[in-house]
Amino acid sequence: MNQRPALPHGVVLMLGLAVLLNYVDRGSLATAAPLLQDELSLSNSRMGLLLSAFFWVYAPAQLLGGWLVHRFHVRAVLAAGVLLWAVATIMTGLAGGFATILVLRLMLGLGECVTFPSWQMILTRQTVEHERGRANGFIGSGQGIGPMLGTLFGGLTMAHFGWRAMFISLGTITLLWLWPWLMVARRGLSHAEEEQGPPPVSYPAILRQREFWGAALGHFSINYGFYFVMTWLPTFLIKAGGFTVSQMSGIAAAIYGIYAVTTAVAGVVSDRWIARGGTPTRVRKAFLLASAIGVSAAIACSAYVEPRAAVWLLGVAGVFFGFSTPTMFAVTSTLAGPRAAGRWAGAQNLAGQLAGVLAPMVTGFLIDRTGGFSWAFIVSAASAIVAMVAWAFVIRRVAPVQWPQELANRLPVNVPAA
């Protein structure tokens with residue numbers, strides 16, 4: 001295995017904060033939904049459209065993000081994306097109606113599209129196999145800590161000052177991330193491999209790989225349940241469970257916190273297993289399959305109990321969601337390798353984020369049609385079973401894809417940003 005430059009802890013910390021802020025800001029509309037929906041007199045179906053609008057741009061723009069991180073310095077690409085989405089979040093607090101919020105959610109999706117390709121590019125180039133679970137677990141825990149803090153503090157801000165103040169506050173906090181990132185990344189990111197290594201692999205070459213389709217289908221299928229919970233949990237707790245806004249904030253924060261802690265722990269445990277002799281295929285698949293089975297069982301059971309009892313089952317689902325997050329991202333790094341990391345991550349995340357388009361809209365439709373959440377829980381549980389099939393049978397081995405030199409994309413690599 002080639003020696004890779006060590007990844008400074010400061011870079012890992014700032015990437016983790018970027019993912020945290022990413023999920024705070026994308027989840028802010030779900031936190032505001034119960035009040036915003038009433039103020040604007042929106043049906044569940046129309047609220048579902050707003051909740052999914054972010055993903056209309058975010059999902060296809062993953063391909064753009066994957067191209068950008070191979071073409072320009074990843075430090076500047078990520079900073080530009082954070083700036084754009086922070087401004088979109090602040091402006092949402094000033095929006096006057098449905099159409100304006102819709103446009104700003106699309107703008108938010110464009111800004112956030114570079115996060116996952118940037119994160120995967122950096123870790124693939126500057127970590128080795130038995131370090132990837134831990135690094136991905138720490139960074140990926142932001143996917144739980146973000147909604148936890150956003151729901152807790154955003155919900156409390158909303159309860160005291162209104163939903164507009166919540167958006168303005170969250171966007172301003174995101175802007176504060178930029179300066180330390182630029183300082184830390186300038187010292188901590190190595191560009192030697194970008195400037196001297198072989199050219200990146202093309203998207204068509206990636207799409208010809210069976211393992212890519214297994215990773216993409218698994219990502220989509222597990223994400224369907226994740227985004228169902230993330231986008232509709234506040235509304236479920238208030239309108240089906242009868243909780244107050246403050247109670248909702250605490251319960252949702254606890255569920256997201258469980259997920260975040262499990263994500264970090266799962267990354268560490270999986271790396272230690274590999275360091276002690278476990279093969280990447282055995283270790284990574286064990287965590288992925290346990291995740292899919294556990295998520296499916298917990299969410300399916302939630303369809304058949306009272307809403308207040310379902311809260312405990314959703315906490316169990318949070319544990320099993322945490323098993324998959326660091327693992328599927330580590331699998332992406334291993335399969336793609338440095339030549340394909342950014343573009344593979346972008347294409348895979350496109351598939352994963354299509355779940356964010358479908359889950360909010362399908363859920364809103366099912367609630368309007370049935371008058372409850374039961375069928376929404378059942379569809380999410382079935383999707384987790386599909387993830388299990390993809391990870392178990394479509395991905396054969398968790399090992400680097402051997403990219404023939406003739407499949408390389410010959411475009412120039414990493415032209416410095418102006």
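Among contacts between residues at least 6 apart in sequence, 87% join residues at least 24 apart in this protein. The model is predicted, and the values below are computed from it. The secondary structure consists of 18 helices and 0 strands. The radius of gyration is 20 Å, close to the 22 Å that the globule rule gives for 418 residues, so the protein is as compact as a globular protein of that length. Taken along the principal axes, the box filled by the C-alpha atoms is roughly 55 × 45 × 35 Å.

**Burial and surface**

Of the 418 residues, 61% count as buried. The protein exposes about 15500 Å², and carbon and sulfur atoms supply 68% of that area.

**Charges and salt bridges**

The protein carries 27 positive and 14 negative charges. The mean positions of these two sets are 5 Å apart. Side chains of opposite charge can pair when their charged atoms come close. A search of the whole structure finds 3 salt bridges, which are listed here.

| Salt bridge | Closest N to O distance |
|---|---|
| Glu 112 and Arg 26 | 3.3 Å |
| Arg 396 and Glu 211 | 2.8 Å |
| Arg 284 and Asp 271 | 3.5 Å |

The salt bridge between the side chains of Glu 112 and Arg 26 has an N to O distance of 3.3 Å. Glu 112 belongs to helix α5 (residues 98-112) and Arg 26 to helix α1 (residues 9-40), so this pair ties together parts that are 86 residues apart in sequence. Both Glu 112 and Arg 26 are buried.

Arg 396 and Glu 211 form a further salt bridge, with their closest N and O atoms 2.8 Å apart. This pair links distant parts of the chain, 185 residues apart: Arg 396 is in the segment after α18 (374-394), while Glu 211 is in helix α13 (residues 210-240). Glu 211 has a relative accessible area of 7% and is therefore buried, the cut-off being under 20%.

In the salt bridge between Arg 284 and Asp 271, the side chains meet at 3.5 Å, N to O. Arg 284 is located in helix α15 (residues 280-302) and Asp 271 in helix α14 (residues 245-275), with their positions 13 residues apart in the numbering. Arg 284 is buried, as is Asp 271.

Notes. Residues are numbered from 1 along each chain as its sequence is written. This is a predicted model: local features need pLDDT of at least 70, side-chain atom pairs count only at pLDDT 80 or more; totals for chains, interfaces and linings use all residues. Side-chain values use heavy atoms; hydrogens and water are left out. Helices (H or I, at least four residues) and strands (E, at least two) are DSSP runs, numbered from the N terminus. The radius of gyration is taken over C-alpha atoms; the globule rule is 2.2 Å times the number of residues to the power 0.38. Buried means under 20% relative accessible area, exposed over 50%, partly exposed in between (1.4 Å probe, protein chains only). Contact means heavy atoms within 4.5 Å. Accessible areas come from the Shrake-Rupley method with a 1.4 Å probe; for residues, only the protein chains shown count as cover. Lys and Arg count as positive and Asp and Glu as negative; His and the chain ends are not counted. The place of a charge is taken as NZ of Lys, CZ of Arg, CG of Asp or CD of Glu. A salt bridge is a side-chain nitrogen of Lys or Arg within 4 Å of a carboxyl oxygen of Asp or Glu.
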